[in-house]
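Ready for some practice at reading a protein structure? Grab a pencil, take a look at the model, and try each exercise before you peek at the solution.

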Amino acid sequence: MCIDLHTHSIYSDGSCTPAELVALAVDSGLRGLSLTDHDTVEGVEEIRRLGTEAGLTVISGVEVSTKLHERTIHILGYGVDPANTDLQRWLVPLQEGRERRNAIIIQKLQGLGVDITTEEVETISRCGQTGRPHIARLLVAKGVVDSFDAAFRQYLGRNRPAWEARFSYSAAETIAMIHQTGGLAVLAHPGQIDPTMSSQPALIRELALHGLDGLELHYPTHTRRMKKQLKALAAELGLLMTGGSDFHGATRTTHHHLASKALGFCPPCSILGQLTARLAERHH
């Protein structure tokens, strides 16, 4: 049996509703699930209710883009209270930063001769947080580029013609807020930070000093070598090890399968017990 603690829905840049995610999780034989949308907890209560009804253990979650020494890293918050007004207020500048960036990116694309409007992007996103993935999907639909990845390579990625930075909190601020709202802070897909794994030891040790609780060990692109090094760091620093597919549904061309034993990516159920035990300690 597997779990999947890293998924996205229509409330950020995924293509599935919470109900669809729960149905897929049940079909995949999952025991545990977490919705970790970018910079929003809008779908968390919904998936918690639907998942519990379906017999799943559902951990509340969020994924926040943060900065550490000008490097962008993603931190997952598990066990946060989605009804916490401090958390909701704290997320607003991130959400507003996305909106401002979207408007500037669209202006830049128009200046490059791309026929694109804000209204068209919002039709793609439907609800929740609109961001670069929705713009990428529109560029594919319009035939401007031939793939989602090409949209980032040619226009939307860092230092590309339509690139625009946005507001983000520091990693320390993000970890502190996750803790303040009763959650645990876990570094998402650490292997993606530096494929050579040379940057991670110092970076993870620094994050641990700020209170980092865990590492996302099980991730579709993590190699055996990466996992061995991450396990050693987790043991050294007393960090939890979690796992998830980073499932986005039809909005991604790669890593788009939910965790499943049949498909060969299967974070173990033992993670759930360790995570819930650590959350219980935090709440006491």
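A residue counts as buried when its relative accessible area is under 20%, as exposed when that area is over 50%, and as partly exposed in between. Keep in mind that you're working with a predicted model.

**Exercise 1: Aromatic rings**

Find out how the rings of Trp90 and Tyr169 are arranged, and which parts of the chain they tie together.

*Solution.*

Step 1. Start with the whole structure: a search turns up three aromatic pairs.

Step 2. Now zoom in on Trp90 and Tyr169, whose ring centres are 4.0 Å apart with the planes at 10°. Planes under 30 degrees apart count as stacked, so this pair is stacked.

Step 3. Locate the two residues: Trp90 is part of helix 3 (residues 85–111), while Tyr169 is in the loop between helix 6 (148–156) and helix 7 (171–180). The pair therefore ties together parts that are 79 residues apart in sequence.

Step 4. Check the surroundings: both Trp90 and Tyr169 are buried. Together with Phe167, they make up one aromatic cluster.

**Exercise 2: A pair within one helix**

Decide whether the pair of Phe148 and Phe152 is stacked, tilted or edge-to-face.

*Solution.*

Step 1. Get the geometry: the centres are 5.3 Å apart, and there are 40° between the planes.

Step 2. Compare with the cut-offs: under 30 degrees would be stacked and over 60 edge-to-face, with the rest tilted. The pair of Phe148 and Phe152 is tilted.

Step 3. Look at the spacing: these two are four residues apart in helix 6, so about one helical turn separates them.

Step 4. Finish with accessibility: Phe148 has 8%, so this residue counts as buried.

**Exercise 3: Cysteines**

Work out which cysteines form the disulfide and what handedness the disulfide has.

*Solution.*

Step 1. Recall the basics: a disulfide is a covalent bond between the sulfur atoms of two cysteines.

Step 2. Look for one: the structure holds one disulfide, and the partners are Cys2 and Cys266, with sulfur atoms 1.9 Å apart.

Step 3. Turn to the torsion about the S-S bond, which is about -105°, so the disulfide is left-handed.

Step 4. Place the partners: Cys2 sits in strand 1 (residues 2–7), and Cys266 in the loop between strand 7 and helix 10 (270–283). That's why the bond ties together parts that are 264 residues apart in sequence.

Step 5. Compare accessibility: Cys2 is buried at 2%, whereas Cys266 is partly exposed at 29%.

Step 6. Don't forget Cys269, which is in no disulfide: the nearest cysteine sulfur belongs to Cys2 and is 6.8 Å away. Cys269 has 22% relative accessibility, so this residue counts as partly exposed.

**Exercise 4: Strands and a crossover**

Trace the path from strand 6 to strand 7, then find what the side chain of Glu216 contacts.

*Solution.*

Step 1. Check the pairing: strand 6 (residues 214–218) and strand 7 (residues 240–243) run parallel, joined by four bridges. For Glu216, the bridge partner in strand 7 is Thr242.

Step 2. Follow the chain: from strand 6 the path goes through helix 9 (residues 224–237) to strand 7, making a right-handed β-α-β crossover.

Step 3. Look at the side chains: Glu216 and His6 are joined by a polar contact of 2.8 Å.

Step 4. Place the partner: His6 is in strand 1, and its relative accessible area is 0%, so His6 is buried.

Note on methods: Residues numbered from 1 in each chain as written. Predicted model: local features only at pLDDT ≥ 70, side-chain atom pairs only at ≥ 80, totals over all residues. Heavy atoms only, no water. Pairing = 2+ DSSP bridges. Right-handed = clockwise from strand over helix to strand, strands pointing away. Phe/Tyr/Trp six-rings, centres within 6.5 Å; stacked < 30°, edge-to-face > 60°. Buried < 20%, exposed > 50% of the residue type's maximum accessible area, 1.4 Å probe, protein only. Disulfide = S-S within 2.5 Å. Polar contact = N/O pair within 3.5 Å; in protein donor to acceptor, adjacent residues only side chain to side chain.
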